[in-house]
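Hi,

Here is the structure I promised to pass on. Have a look at it first, and my notes follow underneath.

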Amino acid sequence: MFVMFRTLQHLLSFIAICILLPLHTSCVDYRELGTFNVDVPAFSTLVRPTVEPLSADSDEVYDLLLSAFNPQPGVVDHVWGVHDIGRTINEPDKIQLTLISDDFVWPNEVSLVPETVFAESGVVCVCSGRFPPKNNGSVALIPGWPGNVGEPVLISGASQRQLWSYTRAAQWVDMNGDNLLDAVVARFSFVLIPPNPPSFQGELVWFEQPQSGGLQTPDWSPHVVIQGPEFLSLPVRLTIAGAGEKLAILCPEYFGGKLRVVWTEDPGDIWTDTTLIRTATIEEDGERYFDLQVTDVNKDGKDDLLVVTSSETNGTVRVYEIPDDFRTGTWERHTIASGFSVPGNMTQGKGTPGMAIPLRFASDLKKPTILISGDDDRHAYLLVPSSDDPADWSYDKRPLLSSTGIVGGISSADIDGDGSIEAIIPAYGEDKVHVFRFTDETDGSVTKPTGPAGQVGLAGALWVASSIKTCLCVCVCFCMFVVSIT
């Protein structure tokens with residue numbers, strides 16, 4: 001009896017240790033704050049005039065910009081805004097939308113133009129267009145936000161005969177050395193002339209800001225850099241070992257099936273001489289490159305590329321380490337999540353995942369958890385790093401949200417300056433936008449999310465179930481061992 005008692009004591013202690021052991025060290029708690037209604041929400045963007053972290057006593061506020069489109073011909077699409085969304089972020093059902101414009105067909109990503117571009121704040125930029133009959137897209141500027149906004153000014157050469165569509169936000173760079181910032185953007189043309197199969201053409205292009213009156217002048221002069229990029233381009237300054245920094249433009253290609261970097265050999269980074277433009281292929285494997293950003297994913301002090309490839313059957317999230325010389329070096333790839341697939345039988349033309357956003361806290365020195373929109377797979381996810389070791393590229397994919405349709409363009413920020421991160425997740429098929437709050441847990445415990453009423457969420461339930469299963473296996477083994485020695 002004494003042996004059995006001592007055995008039980010050891011067993012209970014062992015079970016307690018198993019349950020309390022953390023599974024990883026990067027920890028984020030989350031809670032859904034609620035939803036607000038909007039028809040067919042697509043892209044969300046959280047914006048404010050400056051890029052410095054928001055403090056609790058700051059006078060600045062975050063605004064939400066939101067696009068909503070319906071592919072049906074003749075249906076009016078909308079661009080919405082919410083000024084100072086932090087006022088009602090804790091009660092999302094009280095969020096009131098303000099109409100910015102209903103002049104665009106298929107509005108996509110909406111952004112706030114940096115104040116340095118026109119020496120004026122409150123200029124909204126709308127990129128629009130996709131498939132026929134809503135493929136007559138544009139890059140447009142709308143002054144006056146928040147308040148009485150002006151009429152859109154189309155800067156994307158609307159007088160051209162060919163119809164172009166613009167998906168992701170224009171980036172602002174001085175491309176010709178005239179001290180004026182120009183609009184850099186990827187665009188594509190979709191041509192459908194039956195009985196011929198549809199054809200696609202993508203371009204990286206920049207629109208030259210006029211010497212005066214740019215905000216009032218339509219049809220800026222276009223300059224094509226390269227053929228290929230369709231949805232997204234990202235100008236970034238990359239360091240070259242021993243040679244300083246150089247402006248490069250990262251170009252994922254969805255239909256082209258590759259990821260490239262573009263630069264000019266001009267020593268002053270002037271892009272007007274097309275004979276000096278060079279490209280290097282980072283990856284060419286036929287996958288559909290959809291989303292990209294530059295960020296330090298593994299907290300080793302060096303920036304990486306966080307990349308999404310979209311697929312019907314095996315979408316991935318990847319990290320590419322930037323080489324010492326981006327022009328000639330090898331970009332080492334790490335696939336941190338895979339197996340994303342579109343449910344159902346009608347999957348042609350669809351893809352998953354969509355966008356990837358690291359959840360970075362102001363004081364956090366750990367590897368960030370990554371928020372993923374599933375796009376056509378109707379979910380949102382968290383990718384949780386298995387450890388904070390920079391050499392460990394393993395992640396745990398955890399479901400965050402299950403929806404009834406497309407999960408659109410997500411955005412996140414510390415909206416109210418309290419140290420937590422709020423995320424905006426458009427649920428296109430629900431006609432709702434979900435609002436989540438993420439809180440940094442610094443005690444090293446496992447992620448244990450809570451639902452709207454405080455219940456343990458799905459990921460937490462999986463954690464508990466996994467712990468119980470492990471402990472039961474340990475119990476069986478331990479008891480068999482005890483039996484064998486008595």
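Let me begin with the aromatic residues. Ring pairs join Phe 69, Trp 106, Phe 131, Phe 188, Phe 190, Phe 200, Phe 231, Tyr 254, Phe 255, Phe 290 and Tyr 428 into a cluster. Do keep in mind that this is a predicted model. The count of aromatic pairs comes to 22.

Two of the pairs are worth pulling up on screen. One is Phe 188 with Phe 231, an edge-to-face pair with 5.2 Å centre to centre and 85 degrees between the planes. This pair links distant parts of the chain: Phe 188 belongs to strand β11 (residues 182–191), while Phe 231 is in the loop between β13 (221–227) and β14 (234–240), 43 residues apart. Are these two rings buried or exposed? Phe 188 is buried, because its relative accessible area is 0%. Phe 231 has 7% relative accessibility, so this ring counts as buried too.

The other pair is Phe 190 with Phe 200, again edge-to-face, at 4.9 Å centre to centre and with 65 degrees between the planes. Phe 190 is in strand β11 and Phe 200 in strand β12 (residues 199–208), 10 residues apart. With 13% relative accessibility, Phe 190 counts as buried. Phe 200 has a relative accessible area of 36%, so Phe 200 is partly exposed.

While you are around that loop, look at Gly 228 as well, which is found between β13 and β14. Gly 228 counts as buried, because its relative accessibility is 15%. Gly 228 and Phe 188 are 40 residues apart in sequence, yet their C-alpha atoms are 8.6 Å apart in space.

Next, the second largest pocket. The space in this pocket is about 910 Å³. Its lining is made up of 35 residues, and those nearest the centre are Arg 130, Gly 349, Asp 375, Asp 376 and Ile 406. Two elements, β2 (41–47) and β18 (288–295), give two or more residues to the lining. Which of the elements has the largest share of the lining? That is β2, with three residues. Sorted by class, the lining has 19 nonpolar, 10 polar and six charged residues.

From β2 you can step across to its partner. β2 and β3 pair in the antiparallel sense over five bridges, and Ser 44 stands opposite Leu 66 of β3. Strand β3 (residues 63–68) is also joined by five bridges to strand β4 (residues 78–82), again running antiparallel. There, Trp 80 of β4 is the bridge partner of Leu 66. How many residues of β3 are buried? Six of its six are, so this strand is mostly covered. Both faces are covered: Asp 63, Leu 65 and Ser 67 are buried on one side, and Leu 64, Leu 66 and Ala 68 on the other.Then there are two open sheets to go through. One has four strands in the order β1-β28-β27-β26, with antiparallel pairing. Its edge strands are β1 (28–37) and β26 (411–413), and each of them pairs on one side only. On average, neighbouring strands in this sheet are turned by 20 degrees against each other, direction ignored. At one end, β26 pairs with strand β27 (residues 421–427) in the antiparallel sense over three bridges. Ala 413 has Glu 422 in β27 as its bridge partner.

The other open sheet has four strands in the order β22-β23-β24-β25, and the pairing is antiparallel. Here the edge strands are β22 (356–359) and β25 (395–402), each pairing on one side only. Neighbouring strands of this sheet are turned by 25 degrees against each other on average, direction ignored. Seven bridges join strand β24 (residues 379–385) and β25 in the antiparallel sense. Within that pairing, Val 384 has Asp 396 in β25 as its bridge partner.

That's what I have for now. Happy to go through any of it together.

Cheers

Terms used
Residues numbered from 1 in each chain as written. Predicted model: local features only at pLDDT ≥ 70, side-chain atom pairs only at ≥ 80, totals over all residues. Heavy atoms only, no water. 1 Å grid on protein atoms, 1.4 Å probe; cavity = no way out; pocket = protein on both sides within 12 Å on 5 of 7 lines; lining within 4 Å. Points joined across faces, edges and corners; volume = space filled by probe spheres on them. Nonpolar A, V, L, I, M, F, W, Y, C, P; charged D, E, K, R; others polar. Buried < 20%, exposed > 50% of the residue type's maximum accessible area, 1.4 Å probe, protein only. Pairing = 2+ DSSP bridges. Axes fitted to C-alpha atoms, helices over the stretch in contact; angles between N-to-C directions. Phe/Tyr/Trp six-rings, centres within 6.5 Å; stacked < 30°, edge-to-face > 60°.
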